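Visitor: Hello! I am new to this structure and would like a close look at a single part of it. Could you take me to a place where two elements meet and walk me through it?

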Amino acid sequence: MQPKQVFSSLAKPIWETDPNTWQKNYNVNVFGVFYGLKAALAQMVAQGKGGSVIVNSSAGGLESKEALQGHSGYTSSKFAVTGIVKYVAAEAAGHNIRVNAIAA
């Protein structure tokens, strides 16, 4: 099976979604970003040299796409990543650190 087929095979409306599946999306996409940013920015702030952090997001975190219907856990977690990056960028700016996300 191709990755896209696996992803599509998991598509379910939210009322049929297993909470464990939802939680796995958030553990990887939201908490993974949180812990990564926390560690990287703590080190960068301590060094005092500024810099840049790039976070991998998804087009699913920018707008609702018909192709992502049935993936509310994934899509909402990517919306969360977009929000985290926007606000952490503002927090880090005073330390000459840029925080951005790329999405495809």
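Guide: Happily! Reading along the sequence, you will meet the pattern α-α-β-α-β in the protein chain, that is, three helices and two strands. Please keep in mind that this is a predicted model. The chain has 104 residues, and 28% of them count as buried. Its accessible surface comes to about 7,000 Å², with 58% of that belonging to carbon and sulfur atoms. Among contacts with a separation of 6 or more, 68% join residues that are 24 or more positions apart.

Now for our close look: the place where helix 2 meets helix 3. Helix 2 covers residues 19-47 and helix 3 covers residues 72-93. Their axes come within 8 Å of each other and cross at roughly 15°. Angles under 35 degrees count as roughly parallel, and the two helices are therefore roughly parallel to each other. The crossing of helix 2 past helix 3 is right-handed.

Who takes part in this contact? From helix 2 come Trp 22, Asn 25, Tyr 26, Asn 29, Val 30, Val 33, Leu 37 and Leu 41. Helix 3 brings Ser 72, Gly 73, Tyr 74, Ser 76, Ser 77, Lys 78, Ala 80, Val 81, Ile 84, Val 88 and Ala 92. Sorted by character, the residues of this contact are twelve nonpolar, six polar and one charged.

Let us pause at one of these residues, Gly 73, which is found in helix 3. Its relative accessible area is 6%; since buried means under 20%, Gly 73 is buried. Leaving aside residues up to four places away in sequence, Gly 73 touches Trp 22, Asn 25 and Tyr 26, and these three are among the helix 2 residues in the contact. Take the pair of Gly 73 and Asn 25: they are 48 residues apart in sequence, yet their C-alpha atoms are 6.1 Å apart in space.

Before you go, follow the chain past helix 3 to Asn 96, in the loop between helix 3 and strand 2 (97-102). Most residues other than glycine have a negative phi. Asn 96 has a positive value, with phi near 60°. Is Asn 96 buried or exposed? With a relative accessible area of 57%, Asn 96 is exposed, because the cut-off for that word is over 50%. Gly 73, by contrast, is buried.

Definitions and conventions: Residues are numbered from 1 along each chain as its sequence is written. This is a predicted model: local features need pLDDT of at least 70, side-chain atom pairs count only at pLDDT 80 or more; totals for chains, interfaces and linings use all residues. Side-chain values use heavy atoms; hydrogens and water are left out. Helices (H or I, at least four residues) and strands (E, at least two) are DSSP runs, numbered from the N terminus. Buried means under 20% relative accessible area, exposed over 50%, partly exposed in between (1.4 Å probe, protein chains only). Contact means heavy atoms within 4.5 Å. Accessible areas come from the Shrake-Rupley method with a 1.4 Å probe; for residues, only the protein chains shown count as cover. Axes are lines fitted to C-alpha atoms, for helices over the stretch in contact, and angles run from 0 to 180 degrees between N-to-C directions. Angles under 35 degrees count as roughly parallel, over 145 as roughly antiparallel, 65 to 115 as roughly perpendicular and the rest as oblique. A crossing is left-handed if the near helix is turned anticlockwise from the far one by less than a right angle, and right-handed if clockwise. Ala, Val, Leu, Ile, Met, Phe, Trp, Tyr, Cys and Pro count as nonpolar, Asp, Glu, Lys and Arg as charged, and the others, Gly among them, as polar.
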